[in-house]
Amino acid sequence: MAKRKSPGQRCIICDRMREIGIVVWGRFICAECEQEIVSTDTSELRYQYYVQRLKRLRPGSADDSLSEAQRTYL
Ligand SMILES: [Zn+2]
């Protein structure tokens, strides 16, 4: 089997397995994506994409566009 100490976790933004990152609402975001998010201007389309990805994860959120994702993560 693999000799790596940790397989890491799947980043919910880029969908890659990473070992370093943060956990938000119980979901993993790799350090690279976290950097991208904090360094992206809120007016950029890319930022909106990140926000959407994050919104899907928030448990118990009453947000509108959430129907399916909300059921998944509740
Ligand atoms: Zn990532």
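Colleague: Which strands form the hairpin, and how many residues sit between them?

Modeller: In this predicted model, the hairpin is formed by β3 and β4, with two residues between them. Trp25 lies in that turn and has a positive phi of about 50 degrees.

Colleague: And in what sense do strand β3 and strand β4 pair, and over how many bridges?

Modeller: Strand β3, which covers residues 21-24, and strand β4, which covers residues 27-30, pair in the antiparallel sense, and four bridges join the two. As one position to look for on screen, Gly21 stands opposite Cys30 in β4.

Colleague: Cys30 caught my eye; which residues make up the largest nonpolar core?

Modeller: Cys30 belongs to that core, which has five residues, the others being Cys11, Ile13, Ile29 and Cys33. As a general point, nonpolar side chains in soluble globular proteins tend to be buried together.

Colleague: Staying with Ile29, what is it in contact with, leaving aside its neighbours within four places in sequence?

Modeller: With those neighbours left aside, Ile29 is in contact with Cys11, Ile12 and Ile13, with Gly21, Ile22 and Val24, and also with Glu34.

Colleague: How much of the chain is buried overall?

Modeller: Of the 74 residues in the chain, buried residues make up 7%. As for contacts with a separation of 6 or more, 17% of them are between residues 24 or more positions apart.

Colleague: Stepping back, how many helices and strands does the chain have, and in what order do the elements run?

Modeller: There are three helices and four strands in the chain, and from the N terminus on the elements run β-β-β-β-α-α-α.

Colleague: Changing topic, where does Asp15 lie, and is it buried or exposed?

Modeller: Asp15 lies in the loop between β1 (9-10) and β2 (17-18), and its phi is near 65 degrees, a positive value in a residue other than glycine. Asp15 counts as exposed because only 10 other C-beta atoms lie within 10 Å, and the cut-off for exposed is 12 or fewer.

Colleague: What about Glu36, where is it found and how exposed is it?

Modeller: Glu36 is found in helix α1, residues 31-39. Glu36 has 16 other C-beta atoms within 10 Å, so it is classed as partly exposed, between the limit of 12 or fewer for exposed and 20 or more for buried.

Colleague: And how far apart are Glu36 and Tyr50 in space?

Modeller: Glu36 and Tyr50 are 9.1 Å apart, C-alpha to C-alpha, with 14 residues separating their positions in sequence.

Conventions. Residues numbered from 1 in each chain as written. Predicted model: local features only at pLDDT ≥ 70, side-chain atom pairs only at ≥ 80, totals over all residues. Pairing = 2+ DSSP bridges. Core = buried A, V, L, I, M, F, W, Y, C linked by C-beta atoms within 7 Å. Contact = placed C-beta atoms within 7 Å.
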